[in-house]
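Here are my notes for anyone opening this structure for the first time. Have the view ready and follow along point by point.

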Amino acid sequence: MPDLPDPPATPLPALPSPPQAEALLRPLARLLRPLLRLLIRAGVTFPVFADLARQLYVELAAESLARPARTDSRLSLLTGVHRKEIRRLRELDEDAPAVPPVVTLSSQIIARWAGLPAFADAAGQPRPLPRTAPEGEPSFEALVRAVTTDVRPRTVLDDWLAQGLVRLDAEERVVLNAAAFLPRQGSEEQLYYFARNLHDHLAAATANVAGTPAPFLDRAVHYDRLPPAVAARMQALGREAAQRLLVEVNRAVLAELDAAGDTVPAGEPTRRVILGVYLYAEDEAPAPSGPAKE
């Protein structure tokens, strides 16, 4: 029988004192509802979802155990999955999902375009850039070469023009379209951010529920029963404030990276950090009028 693979180099954070299982079921049902609605609309049937969940249960349970304890019996006890099914799942060779190349390159270029004063205005809006300019002056070519030397700036420009991420103005300057901040609906890029952002929010929230020594930031401003005009104003204020926050943090981090040379010596430890914001609104059922009936 083949052994389970070694756990990843960066294991999941330990949960020191999770709540009782029964207490988790009600919030679990609520947080799964939006995801399950999406799966139903996309045609993902319950057996497919259940098989994925079963496989992840076994995978994560294995990561939580020391190697000598990773027996089929122990995993079956932790997960409730039959030993025969665990044996089948252990033999699967699942490749980790790769980050789409467009995500890595495009996001880094746009982050610099919106975050460095030479390329953006005070509000964090990317300036129109000439294709080329003398050394030391901002240009699209300089922007791309600051991120990668493996891909020619002209190749990036042609690709972005084809995708509609940028356009050329009357002066032949490269202008980033406002919609470029949002991946196209259903695109590989959008689905990547969908998984990454929700994963990290859930990781922060579950660590806090489990009692992590240094709680992660997880705050929200929320109101119910708002008049539509007030709700619309709150949404507008939220978008503006969130954009200012993200621009400010992005600029500060880029400035520190540029000052440090944007490199990490080999062997030095690193950390991954994400700061996200979200805004959601929906219509509510009308409040009951008149005295409540007994």
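The points below go from the overall layout to salt bridges, surface patches and a few single residues.

1. First, a word of caution: this is a predicted model. Local features are only picked out where pLDDT is at least 70, and side-chain atom pairs count only at pLDDT 80 or more.

2. To get your bearings, look at the secondary structure. The chain comes to 9 helices and 2 strands. Reading from the N terminus, the order is α-α-α-α-α-α-α-β-β-α-α. So where do the strands sit? Strand 1 covers 166–168 and strand 2 covers 174–176, with a loop between them.

3. Next, how many of the 294 residues are tucked away? The share that counts as buried is 20%. The chain exposes about 22,000 Å², and 58% of that area is supplied by carbon and sulfur atoms. As for contacts with a separation of 6 or more, 56% of them are between residues 24 or more positions apart.

4. For one concrete long-range example, find Ala-111 in helix 5, residues 101–115. Setting aside neighbours within four places in sequence, Ala-111 is in contact with Asn-250 and Leu-254. Ala-111 and Asn-250 are 139 residues apart in sequence, yet their C-alpha atoms are 7.2 Å apart in space. Is Ala-111 buried or exposed? Neither, quite: Ala-111 is partly exposed because its relative accessible area is 24%, and buried would mean under 20%.

5. Now the charged pairs. Side chains of opposite charge can pair when their charged atoms come close. The count of salt bridges in this model comes to 11. I'd start with Asp-51 and Arg-54, whose side chains meet in one at 3.1 Å, N to O. Both residues belong to helix 2 (residues 46–63), and because they are 3 residues apart there, about one helical turn separates them. Asp-51 counts as partly exposed at 29% relative accessibility, and Arg-54 is partly exposed at 30%.

6. Asp-51 has another partner to look for. The side chain of Arg-88 meets that of Asp-51 in a salt bridge at 3.3 Å, N to O. This pair links distant parts of the chain, with Arg-88 in helix 4 (residues 83–90), Asp-51 in helix 2, and their positions 37 residues apart. Arg-88 counts as partly exposed, at 35% relative accessibility. Put Glu-85 in the picture too: Asp-51, Arg-54, Glu-85 and Arg-88 are linked in a network of salt bridges.

7. A further salt bridge joins the side chains of Glu-172 and Arg-131, at 3.2 Å, N to O. What does this pair tie together? Glu-172 lies in the loop between strand 1 and strand 2, while Arg-131 lies in the loop between helix 5 and helix 6 (140–145), so the bridge ties together parts that are 41 residues apart in sequence. Glu-172 is partly exposed with a relative accessible area of 42%, and Arg-131 counts as partly exposed at 31%.

8. Stay with Glu-172 a moment, and check its backbone. Glu-172 has a positive phi of about 65° although it is not a glycine. Arg-225 also deserves a look: its phi is near 55°, a positive value in a residue other than glycine. Arg-225 is found in the loop between helix 8 and helix 9.

9. That loop also takes part in a charged surface feature. Asp-224, Glu-282, Asp-283 and Glu-284 gather in a patch of negative charge on the surface. Asp-224 lies in the loop between helix 8 (188–209) and helix 9 (228–260). Why does Asp-224 count as exposed? Its relative accessibility is 60%, and the cut-off for exposed is over 50%.

10. Last, a nonpolar stretch of surface. Which residues make the patch of about 610 Å²? They are Leu-217, Leu-245, Leu-246, Val-249, Val-253, Leu-257, Leu-275 and Val-277. Take Leu-257 as one of them: it is found in helix 9. Leu-257 is partly exposed, with a relative accessible area of 36%.

Methods
Residues numbered from 1 in each chain as written. Heavy atoms only, no water. Patch = residues over 30% accessible without salt bridge, like charges linked within 9 Å, V, L, I, M, F, W, Y side chains within 5 Å. Areas by Shrake-Rupley, 256 points an atom, 1.4 Å probe, with all protein chains shown as cover. Salt bridge = Lys/Arg side-chain N within 4 Å of Asp/Glu carboxyl O. Lys, Arg positive; Asp, Glu negative; His and termini not counted. Charge placed at Lys NZ, Arg CZ, Asp CG, Glu CD. Helix = DSSP H or I, 4+ residues; strand = E, 2+ residues; numbered from the N terminus. Buried < 20%, exposed > 50% of the residue type's maximum accessible area, 1.4 Å probe, protein only. Contact = heavy atoms within 4.5 Å.
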